[in-house]
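Colleague: Could you take me through one part of this structure slowly? I am in my first year, so please explain the terms as you go.

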Amino acid sequence: EEALRICRQQLGDDHPSVATSLNNLAGLYSDQGKYGAAEPLYEEALRICRQQQGDDFSLPLSILRFLGSVYEKNSKVCSAEPLYEEAQWLVREQMNLGLAGIQISLLHRACACGQWDLVEAMLQGKASVNEADG
């Protein structure tokens, strides 16, 4: 909470680093089962990411996935579905930026199976084709 406060104070409320801090704090709350506290933080982080959208889709993809999960845990399944659809759209957009054909196929499969950690790792270049295929 203190890191978020300092980040806001130094960089302004709509800075991408604030979105990262919000995401991290929301993740902590979510890990502690405090889904009600996590939800508005993820929502604000997503709002900032949408305003500051660049070519890096990894943070909004992560937020969409985690916010969808929090919505589900808060019995808001209907609110989660459009977030998952937007996450899939972001994956397709990232693929249009030049990923190799085999990676595209593996990303499609990972998306279809809900393997969001693998999708994020592939988009960030942290997962190899062998990891995705295994």
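Colleague: Let us look closely at asparagine 23: does asparagine 23 count as buried or exposed, and at what relative accessibility?

Modeller: Happy to! Asparagine 23 counts as buried because its relative accessibility is 10%. Buried means under 20% relative accessible area, exposed means over 50%, and partly exposed lies in between, using a 1.4 Å probe and protein chains only.

Before we go on, a word on what you are looking at. This is a predicted model, in which local features need pLDDT of at least 70, side-chain atom pairs count only at pLDDT 80 or more, and totals for chains, interfaces and linings use all residues. Residues are numbered from 1 along each chain as its sequence is written, and side-chain values use heavy atoms, with hydrogens and water left out.

Now the setting. The chain has eight helices and zero strands; here helices (H or I, at least four residues) and strands (E, at least two) are DSSP runs, numbered from the N terminus. Of the 134 residues of the chain, 40% count as buried.

Asparagine 23 lies in helix α2. This helix has 16 residues and reaches 23 Å from its first C-alpha to its last, close to the 22 Å expected at 1.5 Å a residue. The expected span is 1.5 Å times one less than the number of residues. Asparagine 23 has buried company in α2, including Leu22, Leu25, Ala26 and Ser30. Just after α2, glycine 33 takes a positive phi of about 80°.

What does asparagine 23 touch? Not counting residues up to four places away in sequence, asparagine 23 is in contact with Tyr42, Ala45, Leu59, Ser62, Ile63 and Phe66. Contact means heavy atoms within 4.5 Å.

Follow one of those partners, isoleucine 63. Leaving aside its neighbours within four places in sequence, isoleucine 63 is in contact with Asn23, Tyr42, Ala45, Leu46, Cys49 and Gly68. Cysteine 49 is buried, with a relative accessible area of 9%. Cysteine 7 also counts as buried, at 12% relative accessibility. The structure holds zero disulfides, a disulfide being a pair of cysteine sulfur atoms within 2.5 Å.

Another partner of asparagine 23 is Tyr42. Tyrosine 42 is buried, with a relative accessible area of 2%. The structure holds one aromatic pair. The rings of tyrosine 42 and phenylalanine 66 have their centres 6.1 Å apart and their planes at 20°, so the pair is stacked. For the cut-offs, rings of Phe, Tyr and Trp (its six-membered ring) pair if their centres lie within 6.5 Å; planes under 30 degrees apart count as stacked, over 60 as edge-to-face and the rest as tilted. Because tyrosine 42 lies in helix α3 and phenylalanine 66 in helix α4, the pair ties together parts that are 24 residues apart in sequence. Phenylalanine 66 is partly exposed, with a relative accessible area of 30%.

Tyrosine 42 also leads back to α2 through serine 30. Serine 30 is found in helix α2 and counts as buried at 16% relative accessibility. Outside the residues up to four places away in sequence, serine 30 touches Tyr35, Ala38, Tyr42 and Val70.

Helix α3 deserves a look of its own. At 1.5 Å a residue, its 17 residues should span 24 Å, and its end C-alpha atoms are 24 Å apart, which agrees. Buried residues in α3 include Leu41, Tyr42, Ala45 and Cys49. Glutamine 51 is also placed in α3, but glutamine 51 counts as partly exposed, at 46% relative accessibility. Its C-alpha is 8.1 Å from that of aspartate 14, although the two are 37 residues apart in sequence.

Finally, let us step back to the nonpolar core. The largest one has 33 residues, and those with the most contacts inside it include Leu22, Tyr42 and Ile63. Helices α1, α2, α3, α4, α5, α6 and α7 each supply at least two residues of this core. A nonpolar core is a set of buried Ala, Val, Leu, Ile, Met, Phe, Trp, Tyr and Cys residues joined through side-chain atoms within 4.5 Å. In soluble globular proteins, nonpolar side chains tend to be buried together. As for asparagine 23, its contacts include Tyr42 and Ile63, two of the residues with the most contacts inside that core.
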